[in-house]
Each structure stands twice: as structure tokens, then as C-alpha cells.
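Student: I'd like a close look at one part of this protein: the long helix near the end of the chain. Could you walk me through it and put it in context?

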Amino acid sequence: MDKLSVKKDSFDAISYKDDFQAASNAYKAKNYTDAIIGFNKVLQDNPKNYKAHCMLAMSYAQKGENGSAEMVLTRAVEQFPDEWNAYTILGDIKKSEHNYPLAIEYYKKALASPKIPDEGKVHYLKEIEKTRKEQNSWNEKAVKMGIITNSVDMNLDKSHWELAYSCLLYTSDAADDL
């Protein structure tokens, strides 16, 4: 019986690695639907696989399913609070949604991780600076369009920023004409 269980465990490990590789290949081929299916299967077999959480979230994000990506990443940061990648992916998602204050907050959480390598720190310090510049550009457009009327408005909380930026997004064609 012991020999049989050893063989089964070895087979499961090989199967798990094959599943992860197949899902990774689907992601690289930009077949995000198959990647999502594959990484979900990997997480069913091994829910403690941090890499699979991040790859699943990136697959969802590539399909424009940011809500699903955020749910996966939220689970990842709960299970692996010292890891940093999930925070940077969350920051990238929020930046793509023009929610700059929250993007910066996530990048700062990544920087606070004890596991982030020095080159990651340098990269995300630069990313915070780029995000602030992009935010300033959006602020200027919002002021011109009357969405933000004064410097006090520029200190809005996150939920108000989301509303202000969504207004700006829907009128971005008009903003480009300014």
C-alpha cells in the first residue's frame, strides 16, 4: 500500500507541474481563457501556490476582468502577506483604471514587503513617481473640464476619485480637444 501511495503522490506532483506549465503556455500564447482554466485547476490541487494566484489574476486582467483579478489577488495577499507581486499587480490594475491614489497605495505596500528585491524597490519607486505624474496630468484635465474645481478637491478620498476619474474617462475624447 505504501508503494502505491508513493507512486500516486509522484504522479500528482508531475500532473501539477504539467498543469502549471500548460496554463503558463496558454498565458504566453495570449490564450487567457485556457490560462484561467489551467491556473484554477492548479489552485484546486494546490491552493497555496502563490505564483498560480498571481498568474490567474494576470490572466483575468488581460481579459479585462479586473474584478475577478482583484478577488484572486485579495486572497493571495491574505494568504501570503509578506509577498509583494500581488500588490504590484493590484497597483497596475488600479493605474489602468486611472485610480492613481489606490495604485500608489498598492505600490507602497509592495515596497514594504520584506521579500521585494532591491531592483524591485528601484522599479516601483520609479513607478510611483510615474503614477504621480500621470495623476497630475489627469488632474489638470479634470480642472479644465470642471470636474475638479480647486486644490481642495485634489485631496478627495478614494471613492470620490473613482467617481471623478470615471467622469473624466467617459469624457476623455473631449479632454483631448482641450
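Tutor: Sure, starting with the whole thing. The accessible surface of the protein comes to about 10600 Å², and carbon and sulfur atoms account for 54% of that. Keep in mind that this is a predicted model, with an average pLDDT of 82 and 74% of the residues scoring at least 70. The secondary structure is nine helices and zero strands, and buried residues make up 39% of the 178 residues.

Now to α7, which covers residues 118-145. This helix has 28 residues and reaches 41 Å from its first C-alpha to its last, close to the 40 Å expected at 1.5 Å a residue. Right after α7 comes Gly-146, with a positive phi near 85 degrees.

Which residues of α7 are buried? They are Gly-120, Tyr-124, Glu-127, Ile-128, Thr-131, Gln-135, Trp-138, Asn-139 and Ala-142. As for the spacing in that list, an α-helix has 3.6 residues a turn, so residues three or four places apart point the same way. Polar side chains are on the list too, including Glu-127, Gln-135 and Asn-139.

What does α7 join up with? The largest nonpolar core has 39 residues, and α7 supplies at least two of them, as do α1, α2, α3, α4, α5 and α6. The members of this core that touch the most others are Phe-39, Leu-56, Leu-73 and Ala-86. Take Leu-73: beyond its neighbours within four places in sequence, it is in contact with Ala-57, Ala-86, Ile-89, Leu-90 and Ile-93. Ile-93 turns up again with Asn-66, a residue in helix α4, whose contacts beyond four places are Ala-61, Ile-93, Ser-96 and Glu-97. Asn-66 counts as buried because its relative accessibility is 16%, under the 20% cut-off. Over the whole protein, 54% of the contacts between residues at least 6 apart in sequence join residues at least 24 apart.

Finally, how far to trust the coordinates. Among the elements, α3 has the highest mean pLDDT, 97, while α9 (residues 172-176) has the lowest, 45. pLDDT stays under 50 over residues 1-12, and the model has zero contacts beyond four places in sequence for them. Residues 171-178 also stay under 50, though here the model has 10 such contacts. Where pLDDT is low, the predicted coordinates should not be read in detail.

Technical notes
Residues are numbered from 1 along each chain as its sequence is written. This is a predicted model: local features need pLDDT of at least 70, side-chain atom pairs count only at pLDDT 80 or more; totals for chains, interfaces and linings use all residues. Side-chain values use heavy atoms; hydrogens and water are left out. A nonpolar core is a set of buried Ala, Val, Leu, Ile, Met, Phe, Trp, Tyr and Cys residues joined through side-chain atoms within 4.5 Å. Buried means under 20% relative accessible area, exposed over 50%, partly exposed in between (1.4 Å probe, protein chains only). Helices (H or I, at least four residues) and strands (E, at least two) are DSSP runs, numbered from the N terminus. Contact means heavy atoms within 4.5 Å. The expected span of a helix is 1.5 Å times one less than its number of residues. pLDDT is the predictor's confidence in each residue, from 0 to 100. Accessible areas come from the Shrake-Rupley method with a 1.4 Å probe; for residues, only the protein chains shown count as cover.
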